[in-house]
Amino acid sequence: MAHESFWLRRARVEALRFNLGWLLQMFLPWVVGLGLLASVGIVALRSADRESAWTLPIMAGLVLAGFGVSLVRAQKKFLTRQEALVRLDADLCLQNRLSAAAEGIGDWPAPRHDASFALRWRWRTLLWPPVVALLLVLAAGVIPLPQAKAKTTAATSEPPAWTATQEKIAELRQEEIVQPEAVEEWQAALDALRQQPSDQWFRHESLEAGDNLQIQLGQSLSDLQKNLETSLGALEAAREIEQSQLQALGQPLDQALAEALQGLELGKLPLDEKMLSQLKNLDASKARQLTAAEWKALSERLKAGIGTCSGDQATGDKEGDKLLALILGGQPGSGGVSRGPGTAPLTLSDTESRLGTTKQEAVQNDDLSRAALGDLMGLGTGEHKVDKTADAGPQSGGAMSATGTGSEAVWQQTATPAEQGALRKFFQ
């Protein structure tokens, strides 16, 4: 039994070695082909600036497919254990003792140390296909590609409108002139545009949205600046005018201040709550009660807001004079020692103006030296004189009753002396 197990085990090992050789012979050409295909794919992906990691599963699938095809083709040449015993009989010159013993005829021969097929591995033949495939893949990954597309870098700078909007938002946040919640709403709208992929920042839709956001913020800043200037002008004018003039101008100043405060509270950039509350507690009469220090702090605060809104193009100076000129533009001044009579009234008057423009006069010119042909010399009224007894009865039309003779055949017109002289000059 020991001899039988030895030879059966050797037959199984040798059959496996033989079959593996056929399988490798069928599969190694696939290895070279897959290596060539992989190298071409890597070069193509590098040229197109694409990632090649996703090709690994595809290559693994192709390797498995090639191995399966090679296995199916090699099975036709595989040896069974019985065929391996016959091959051992032939290579070891045992005169069919192994195949006969397997059939129960005779005894198994003694084990031998050289019990193997007369076949040897050709390592050079086995190793060069995978080596070549590996070299092709490595070369495709490291060789320089002069004509490869340069890698497109993502946009690192945002559109100018976004940058300008961000700078203005940063100024508003730093100056604390408006309510923080409103500033954050504008910041959220800008961040929503930035959340897009960077390669879509400069598309038409993104650029248009950024421009609209910048325009809306600019309009809101303009409204805020106008209301701050009106508020500053009303308070400044109330402090500068005389007490006697305050009674006449106090109501217009209070009305202008109230309208400005309404815009500062309900606008898209509402004024800071602390400053808004302070302004609401003031009117034309109370503005005069502020100390010099309090008025300086408040006016500087308002001027700083005006400068922030205008980009430091407006300083907020002389706002009181501007507002007074606007208010006084609709009513005449009362005059005074230090002030003029005011602007001229531009309002409508209830008294009718009588300039005599409805009177009609005739125009007459007896100088006919410059009269031209066709000029109207005068108009008159009259009636046609019709002789009702001159009816001669029906007559045929279309025929001339008499032929013109002499000067009667020529149209005549009397020329002026100057015209007669011109005619003599050219036709004499």
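These are my notebook entries on a predicted model of one protein chain.

**Entry 1. Overall make-up**

I began with the secondary structure of the protein chain, which comes to 14 helices and zero strands. Read along the sequence, the pattern is α-α-α-α-α-α-α-α-α-α-α-α-α-α. I then looked up burial for the chain: of its 428 residues, 27% count as buried. For contacts with a separation of 6 or more, I noted that residues 24 or more positions apart account for 75%.

**Entry 2. Helix α1 and what it meets**

I looked at three residues of α1, starting with L16, which lies in this helix. Is L16 buried or exposed? L16 counts as exposed, at 60% relative accessibility. I checked its distance to L79: the two are 63 residues apart in sequence, and their C-alpha atoms are 8.0 Å apart in space.

N19 is also placed in helix α1. Its relative accessible area is 12%, under the 20% cut-off, so I logged N19 as buried. Leaving out residues up to four places away in sequence, N19 touches K77, F78 and L79. L79 thus turns up in both look-ups, as a contact of N19 and in the distance to L16.

Next I went through the aromatic rings and found two aromatic pairs in the count. I wrote down the pair F27 and F67, whose ring centres are 5.7 Å apart and whose planes stand at 80°, so the pair is edge-to-face. The pair links distant parts of the chain, with F27 in helix α1 (residues 2-47) and F67 in helix α2 (residues 55-74), 40 residues apart. F27 is buried, at a relative accessible area of 14%. F67 is partly exposed, at 38%.

**Entry 3. Helix α5**

Helix α5 runs over residues 123-142 and has 20 residues. From its first C-alpha to its last I have 28 Å, close to the 28 Å expected at 1.5 Å a residue. I listed its buried residues as L126, P129, A133 and A140. What do the buried residues of α5 pack against? They pack against α1.

**Entry 4. Helices α6, α7 and α8**

I stopped at E176, which sits in the loop between α6 and α7 (180-194). Its phi is near 55°, a positive value in a residue other than glycine.

In α7 I looked up Q187, which is placed in that helix. Q187 counts as buried, at 10% relative accessibility. Residues up to four places away in sequence aside, Q187 touches Q166, I169, R173 and R194.

For the packing of α7 on α8, I have an angle of about 170° and axes 10 Å apart. Angles over 145 degrees count as roughly antiparallel, so α7 and α8 fall in that class. α7 passes α8 in a left-handed crossing. On the α7 side of the contact I noted W186, A189, L190 and L193, and on the α8 side A209, G210, L213, Q216, L217 and S220.

**Entry 5. Helix α12**

Helix α12 covers residues 292-310, which makes 19 residues. Its reach from first C-alpha to last is 27 Å, close to the 27 Å expected at 1.5 Å a residue. I copied out its buried residues: W295, L298, S299, L302, G305, I306, G307, T308, C309 and S310. Which helices are among those that cover them? I found α6 (160-175), α8 (204-240) and α10 (273-280) to be included in the cover.

I took the α6 side further. α6 and α12 pack at an angle of about 170°, with axes 10 Å apart. The two helices are therefore roughly antiparallel to each other. The contact is made by K168, E171, L172 and E175 of α6 together with R301, A304, T308 and C309 of α12. T308 and C309 of α12 are in this contact and are also listed as buried.

Last, I looked just past the end of the helix. α12 is followed by G311, whose phi is positive, near 70°.

Key
Residues are numbered from 1 along each chain as its sequence is written. This is a predicted model: local features need pLDDT of at least 70, side-chain atom pairs count only at pLDDT 80 or more; totals for chains, interfaces and linings use all residues. Side-chain values use heavy atoms; hydrogens and water are left out. Helices (H or I, at least four residues) and strands (E, at least two) are DSSP runs, numbered from the N terminus. The expected span of a helix is 1.5 Å times one less than its number of residues. Buried means under 20% relative accessible area, exposed over 50%, partly exposed in between (1.4 Å probe, protein chains only). Contact means heavy atoms within 4.5 Å. Rings of Phe, Tyr and Trp (its six-membered ring) pair if their centres lie within 6.5 Å; planes under 30 degrees apart count as stacked, over 60 as edge-to-face and the rest as tilted. Axes are lines fitted to C-alpha atoms, for helices over the stretch in contact, and angles run from 0 to 180 degrees between N-to-C directions. Angles under 35 degrees count as roughly parallel, over 145 as roughly antiparallel, 65 to 115 as roughly perpendicular and the rest as oblique. A crossing is left-handed if the near helix is turned anticlockwise from the far one by less than a right angle, and right-handed if clockwise.
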